[in-house]
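Me: I'd like a close look at one part of this model, and I'm happy with a long answer. Here it is.

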Amino acid sequence: MLNLEHPEYLKLKERMMTGWRTYNVYSVLSHVRMEDGLALNVAVKEYSAGHYLKEALIGRRPVGAHMHERETEEVLPGLHAYDGSYTQATVQWMGMEFSVESAQDGSELILLITPQKQQRWPSMLVLETGFLWNRPGWVEHTEDGLCAHSPIGDTPIYTTGKPAAHDANIPAQGPYFACEFTEPIAFSTHKPVTVSMARELLDGRRQALLDSFARYGESAPLYEAIQCAVAWDTTYDGRKDRIASPISRLWSIGAGGFIMACWDNYFVSFMASLEDRDLSYANIIEITREQTDRGFIPNIAHASGYSSEDRSQPPVGSAMLLELYRRYRDKWLLEYLYPTLKEWNDWFYTHRRNQEYGGFCWGSDPYEGRRGNYWELAGVNDTYGGALESGLDNSPMYDGIPFDKEKHIMCLEDVGLTGLYILDCRSLIRIAELIGKDGDIPELRRRMEETSRGLERMWNEDMGCYCNLRTDTGEFSPRLSPTLFYALFDPNVPEEHARRMADEHYYNPKEFYGQWMMPAIARSDPAYPDQDYWRGRVWPSTNFLAYAAIRSHKSLPDVQKDLAEHSVALMMKEWNEHRHIHENYNADTGEGCDVKNSDKFYHWGALLGLIGMLESGEVEGLLEPIN
């Protein structure tokens, strides 16, 4: 288990717990001072139907048949500096539209809310105040506005708005400003400002942020989307006193306020590393600290206390850790996380390896848990639990696959997991070399070579690709997923095998090729028309890992370039149209909004843009040698 008193970890947390941030999971319009939890929450009351917008989220959908689209806010996320120096979001709700901008000026916060489209009856702009996370403090009215009191001192709060006295029915639980929302209104802490002063400061901060993106050249629009996705999804977990980037705010709320997901958070640590070392390190540390007593990193951990004690997820942590080291060269992080990641590798080898032939199988172990909700009951020691461990929850690859309840694994050697285990061994060997853990290297090499031999058994000469292999019948599975390309994480795969995989499968329009790609199951598969979650849709995570595997093998530069171009086109379609970064996309139309089970702002959607930046050279490395 990680030592949470590590001095570098404690310094990192101290640096992150400062300033005004958008870390209140329940609203992107809430700005919180992390030192004491003082929150300034932008809200709106409208008079056409009497609704009150207290909390605003990106990608929220109408709840209940009675609710109309116009009653659900549509938030278009704008620029968001990691350090909180500038943020912007546009909100469309109940026929109105307004922009919310923020800037930090030292310890001061400046907010400017600008109406862009109004209702017939002027709405009321409300600034709610209070303290989050049960922090001590109180707010009171003063002659000049409001004043917040907390252990770190007094904070006066001002507004340029004209206080409205005609509505005493604002549903706020603490002191607030309420102003007729007919013109731009500024709020500020510590000292009053005018709207023009706020506008000048905000324009300067916005331009500074855009200028920082310019270093990515033609990839600047891709990077803007990546940072937007990661920064807006970053929140605070009061239960474990930590800042990290859960997969989305909507998922976090559904999990009790915060959620950590295995491969998702390892991927976001890589994305955050492009600009923010502390946030990058926080993500990789916080998911690794979720290690269970059995030794693995769980599929998922909720703020409610639930953790998937039966299953893990794709072992990508050591590979992502090396990418952070490539950028910042902090050996302390390698030394800190290596023992836990090595234990995770040990666990996979002991519990998910088919001992007879050397390939790896997804699984789910029985355990005595609280069994208090669906997640604790779903698929434990059964095929569905193994599918959840794969991360490809309802993939047709696992339809009808028997489950060995004594070994707690599917009766299916999986090309994807076998390739990923080879990647994990490769990555751990390099980390061990860097930090002087030479004694571990022979065993890791032995495991990698043994797994490579097991992978070669999965080569299907008739089909010209690596195929999942039934352990109960000895037959190849005919169902093909982009995970077959993970075999290329093994440098021992012959170039002629890689070429056949490309020519006969990647470029095959009946399987993976097309305008929007790669689908999570071949286009010829009977389940492909479902376009339901992993049954036919395009997933950024599988595109990213397939790209990484192809890139690492160095034998298919044409495929590498082509996949990058298709990935960028897919992400930018929805980004340019709706400012959405989707969880998954329709493989026929490129849409993300066509189904309800594709979160509209799920940060790993930005992996598609990262692929493009890696291919253009704007982002260094990815599985390249590190000296």
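Which strands does helix α3 lie across, and at about what angle does helix α3 run to β5? Please walk me through the sheet around there, then finish with Asn-24.

Reply: Sure, and keep in mind that this is a predicted model. Helix α3, residues 220-232, lies across β5 and β6, and its direction is at about 110° to that of β5.

Now for the sheet. Those two strands begin the order β5-β6-β7-β8-β14-β12-β11-β10, an open sheet of eight strands with antiparallel pairing. β5 (74-80) is an edge strand, and so is β10 (138-141); each of them pairs on one side only. Going from one strand to the next, the twist averages 15°.

One step in from β5 you get to β6 (residues 86-93), which pairs with β7 (residues 96-105) in the antiparallel sense, over eight bridges. If you want a spot to look at there, take Tyr-86, which stands opposite Ala-103 in β7.

On to Asn-24, which you'll find in the loop between β1 (20-21) and β2 (30-33). Its relative accessibility is 10%, and because the cut-off for buried is under 20%, Asn-24 counts as buried. Setting aside neighbours within four places in sequence, Asn-24 is in contact with Ser-30, Val-32, Leu-132 and Arg-249. With Ser-30 there is a polar contact between the side chains, at 3.1 Å. Asn-41 sits 17 residues from Asn-24 along the chain, and the C-alpha atoms of the pair are separated by 9.5 Å.

How values were computed
Residues numbered from 1 in each chain as written. Predicted model: local features only at pLDDT ≥ 70, side-chain atom pairs only at ≥ 80, totals over all residues. Heavy atoms only, no water. Pairing = 2+ DSSP bridges. Helix = DSSP H or I, 4+ residues; strand = E, 2+ residues; numbered from the N terminus. Axes fitted to C-alpha atoms, helices over the stretch in contact; angles between N-to-C directions. Contact = heavy atoms within 4.5 Å. Buried < 20%, exposed > 50% of the residue type's maximum accessible area, 1.4 Å probe, protein only. Polar contact = N/O pair within 3.5 Å; in protein donor to acceptor, adjacent residues only side chain to side chain.
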